[in-house]
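Visitor: I would like a walk through this structure, with reasons for the terms you use.
Guide: Gladly. Here is what we will look at.

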Amino acid sequence: MTDSLLSRRALLRYGAYGAGAAALAGTAASWDRLTGADIPGRDDGSLVVATLGSAFAPAGVRALVDGFRRLHPDIKVRINAVQAVDWSDFFAKILTQIAAGTAPDLVYVATEGVQLFARHLGVPLDRWVRRDAAELKEYFADVHPSLVESMMYEGSLYQLPIEFNAADMYLNTRVLRRAGADFPAADWTRDDFTALLRRMKKASDSHFTPYFWTNRLWGGVVPWLFANGTNLLAESKAPGGSWLWDSFYPADRRRGRGGGFRWTTPQATDDRVVEAYDYLASLVHDGLCTRPEGGNGQNLIGVFSTGRVGVTPAGGFWAGGLHLAGMRADGFDVQYFPRRHTQRHQFGAAGYALLRTSKKQDEAWEFIKYSARRETLGELFTTNQTTPARRSMLTTARYRETGPAHWRVFYDTLDRFPDTGPIPAPPQVAEVTQVLLKHTGTALASPGAVGPALRRMQGDLEKAMERDV
Amino acid sequence: MTDTGTRIPAVRTRAASPGAAAVRPSARERGTRLLAALFLAPTVVGIVVFTVVPIVGSVVLSLFHWNVIDAPGFAGTANYREIFSDSTVLVSFRNTLVFMVFAVAAQLLIALGLALTLNGRMPAWLRSVFRSAFFFPLVLSAASISVVMKYLFNQDFGVVNWLIGLFGLAPVPWLTSEHGAMATVVIVYVWQQFGFSFLLFVGGLNNIPKEIHEAAALDGATGLRKHLAVTLPLLSPTLLVASVVGIINALQVFEQPYVLTDGGPGDSTRTVVMVIYEKAFEQLRFGEASAVGVLLFVLIMAVTALQFRLSRRFVHYQ
């Protein structure tokens with residue numbers, strides 16, 4: 001009916017509109033996708049390095065850039081400090097940049113993202129490492145092979161680790177004195193640990209909680225699983241990697257090394273996993289530890305430094321944090337994580353990953369090498385905000401001002417317990433972490449919840465691991 | 001203005017009558033139309049670019065598998081089938097609806113109660129102080145507030161449990177038990193958001209002619225009776241606006257549960273928008289995230305439509 005109302009002129013006009021719209025749509029469809037990089041001035045030809053904003057102090061970042069410029073005046077470098085609350089948040093923001101077409105050339109990636117980046121985005125560093133082997137001998141001699149192995153994926157190396165943190169146990173020395181307890185021995189057991197918590201509790205008021213922990217992948221329930229000789233996902237080693245081990249490590253240090261870790265079958269209902277959760281539930285029940293909260297433990301420094309918490313798991317990063325919070329060097333100390341079936345520790349490491357999309361891969365490799373130099377790390381890690389991956393940097397002088405007295409524990413964790421390994425972080429790490437945190441929260445939220453929560457965790461982990469990310 | 005007013009009937013006539021189709025607009029009329037189009041263009045372009053395109057984009061993306069890194073692949077309705085079998089998604093919709101009911105009810109009741117109180121006898125300066133104080137949380141960042149509240153509601157070291165302890169009561173697991181966590185998220189959300197409804201109600205109350213209240217008083221209506229019979233019916237249009245905005249905002253809650261509880265313990269405070277964020281930016285499943293977004297959009301539209309339908313019965317315009 002409407003057609004009969006159209007005049008020939010109107011028909012021609014609407015036809016012209018339609019043709020115009022079709023032409024526009026066709027042009028848009030055939031045009032290359034516009035991205036953030038197309039914004040004039042956005043791509044200034046710099047090598048773009050994305051770092052976790054809070055990882056380095058501004059002065060450290062300036063020193064990093066200036067030092068690289070002196071060494072390579074022909075390579076322009078720009079640091080893109082991404083503000084994020086944790087690694088998961090950081091990766092989310094990097095992926096947003098990639099989606100926007102403004103992918104950096106290098107990304108600072110921790111253990112949590114090593115395999116995810118390696119599988120989808122990363123470039124193996126093997127050919128450059130082989131080429132510059134002579135130059136890198138000194139680096140590998142200074143870095144523990146466990147840290148290097150944690151940066152390998154299916155036989156290839158994707159990052160040079162420059163920092164790490166193992167989950168050791170921090171103790172408030174004031175609380176220890178108040179409880180009349182001695183500093184624990186290096187080979188202390190889980191029973192010793194429980195007895196110490198009871199003693200601390202007895203000697204303190206109702207506002208005191210002996211043990212504090214945060215529900216997260218690093219330093220949450222996982223160290224207790226490691227001490228129990230188990231893991232959330234069955235762990236094995238990928239074949240390969242001998243090209244690296246044979247070139248850089250003596251026989252006794254490369255024994256048992258492979259081409260990186262594989263985390264495959266979920267085992268949340270394994271007896272030892274259940275036992276570790278039951279143990280933590282009993283601590284909650286007896287008022288010896290906090291119910292775990294999500295997050296990055298930002299309120300922990302305050303309660304630990306004021307003596308409202310006696311013990312907590314943390315890495316070398318906390319030495320600087322407690323010092324900044326005003327704690328004296330002798331106000332706290334650190335010991336290895338207590339033994340149960342084993343005294344295997346967990347750690348997380350970090351280094352720069354080179355993205356496939358980078359058009360400046362050779363320049364990026366130069367930056368990776370530069371960032372792993374001893375003097376570069378010395379400029380970056382001035383406040384003990386982490387544990388340098390280079391053993392030679394852990395000295396009495398470094399910890400004289402901040403403490404702790406037993407600072408050697410940080411690196412000796414790797415030597416004393418050679419099976420110490422990275423937190424389980426397969427390419428499906430985001431979903432695995434979410435499942436872990438979710439069900440750990442439920443398991444410890446009410447009495448008798450451990451069994452059902454772990455059964456649900458097992459089911460969810462199986463689904464997560466089946467998914468091809 | 002007059003021009004436009006006189007020509008609108010002419011356009012209607014043309015549309016209604018076949019014979020009028022041949023009437024051509026004058027040059028002046030075309031100029032007026034062009035001017036109107038120019039004035040409207042920025043808004044229309046803004047809506048198209050920032051509202052219509054993203055909505056259409058989300059719907060299209062929900063039919064694809066896409067992880068940002070690799071090229072998208074057509075998935076048909078697979079993403080929708082996946083999310084309907086995903087217990088986390090279903091729980092998040094339940095949580096969001098529960099949250100919406102409690103948060104919006106509390107928000108409206110508190111805002112209305114305070115607006116009525118402030119509408120009573122009170123020095124003008126004190127009224128200004130209260131108005132500013134109630135509105136102030138709304139201008140603060142929800143994330144910052146949530147960080148502070150997380151400290152306050154900490155079971156072991158928080159000020160709230162310390163205060164409770166002064167009365168000899170046991171510490172409450174505000175953030176680490178299922179019911180406690182949802183209650184805390186509602187409390188923090190309402191504390192921040194009620195200022196908006198409060199301002200609407202203050203404006204609405206000021207628009208009610210005093211004569212009506214005086215007439216009601218002459219008829220013997222006082223106190224609660226006066227509010228139920230006179231104030232509330234006259235305030236019902238404002239109530240409708242406040243509830244529509246409140247429900248839409250509540251259905252999109254994100255910052256408070258994300259910072260306070262990260263959706264836990266378990267999934268007890270995981271909301272729909274949190275699931276969208278997690279699926280897209282943590283799990284790289286942008287197609288599924290978009291499908292959840294489309295469902296949320298449909299839910300919001302349905303709830304809002306229902307509200308407007310019900311409003312025909314309950315809302316009174318003077």
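What follows is a conversation about how the terms are earned, one part at a time.

Visitor: What kind of model is this?
Guide: This is a predicted model. Every value below is computed from it.

Visitor: What makes up the secondary structure of chain B?
Guide: Chain B has 13 helices and two strands.

Visitor: How does the radius of gyration of chain B stand against that of a compact globule?
Guide: Chain B has 26 Å. A compact globule of 318 residues would have a value near 20 Å. The C-alpha atoms of chain B fill a box of roughly 85 × 75 × 35 Å along the principal axes.

Visitor: How many of the residues of chain B count as buried?
Guide: Of its 318 residues, 31%. As for contacts in chain B with a separation of 6 or more, 69% join residues 24 or more positions apart.

Visitor: Why is α2(B) called oblique to α13(B)?
Guide: Helix α2 covers residues 27–61 of chain B, and helix α13 covers residues 286–314. Their axes cross at roughly 125° and come within 7 Å. Roughly perpendicular ends at 115 degrees, and roughly antiparallel needs over 145. The angle falls in between, so α2(B) is oblique to α13(B). The crossing is left-handed.

Visitor: Which residues of α2(B) and α13(B) meet there?
Guide: From α2(B) come S58(B), V59(B) and L61(B). From α13(B) come F286(B), G287(B), S290(B), G293(B) and V294(B). By class, this contact has four nonpolar residues, four polar and no charged.

Visitor: What makes α10(B) roughly antiparallel to α13(B)?
Guide: Helix α10 of chain B runs over residues 223–251. Its axis crosses that of α13(B) at roughly 165°, and the two come within 10 Å. Angles over 145 degrees count as roughly antiparallel. The value passes that mark, so the name applies to α10(B) and α13(B). This crossing is right-handed.

Visitor: Which residues make the contact of α10(B) with α13(B)?
Guide: On α10(B), they are S236(B), L240(B), S243(B), V244(B), I247(B), I248(B) and L251(B). On α13(B), they are L296(B), L299(B), I300(B), V303(B), T304(B), Q307(B), S311(B) and F314(B). The classes are ten nonpolar, five polar and no charged.

Visitor: What is notable about phi in D262(B)?
Guide: Phi of D262(B) is near 55°, a positive value in a residue other than glycine. Most residues other than glycine have a negative phi. D262(B) is in the loop between α11 and α12 of chain B.

Visitor: How do you know whether D262(B) is buried or exposed?
Guide: Count the neighbours. D262(B) has 23 other C-beta atoms within 10 Å. Buried takes 20 or more. Therefore D262(B) is buried.

Visitor: What about L284(B): where is it, and what is its phi?
Guide: L284(B) is in the loop between α12 and α13 of chain B. Its phi is positive, about 60°, although L284(B) is not a glycine. L284(B) has 23 other C-beta atoms within 10 Å, so it passes the cut-off of 20 and is buried.

Visitor: Why is E282(B) called partly exposed?
Guide: E282(B) is in helix α12 of chain B. It has 19 C-beta neighbours inside 10 Å. Buried needs 20 or more, and exposed needs 12 or fewer. The count meets neither, so E282(B) is partly exposed. It touches S88(A), A92(A), A430(A) and Q434(A), leaving aside residues up to four places away in sequence.

Visitor: How many residues does each chain give to the contact of chain B with chain A?
Guide: Chain B gives 26 residues and chain A gives 29. Helix α12 of chain B, residues 272–282, gives the most to the side of chain B, with three residues. By class, that side has twelve nonpolar, eight polar and six charged residues.

Visitor: What makes the peptide bond from G264(B) to P265(B) cis?
Guide: Its omega is near -5°. P265(B) is in the loop between α11 and α12 of chain B. In chain A, a cis peptide bond joins G403(A) and P404(A), with omega about 0°. P404(A) is in the loop between α18 and α19 of chain A. Most peptide bonds are trans.

How values were computed: Residues numbered from 1 in each chain as written. Chains lettered and ligands numbered in written order. Predicted model: local features only at pLDDT ≥ 70, side-chain atom pairs only at ≥ 80, totals over all residues. Helix = DSSP H or I, 4+ residues; strand = E, 2+ residues; numbered from the N terminus. Rg over C-alpha atoms; globule rule 2.2 N^0.38 Å. Contact = placed C-beta atoms within 7 Å. Axes fitted to C-alpha atoms, helices over the stretch in contact; angles between N-to-C directions. Parallel < 35°, antiparallel > 145°, perpendicular 65-115°, else oblique. Left-handed = near helix turned anticlockwise from the far one by under 90°. Nonpolar A, V, L, I, M, F, W, Y, C, P; charged D, E, K, R; others polar.
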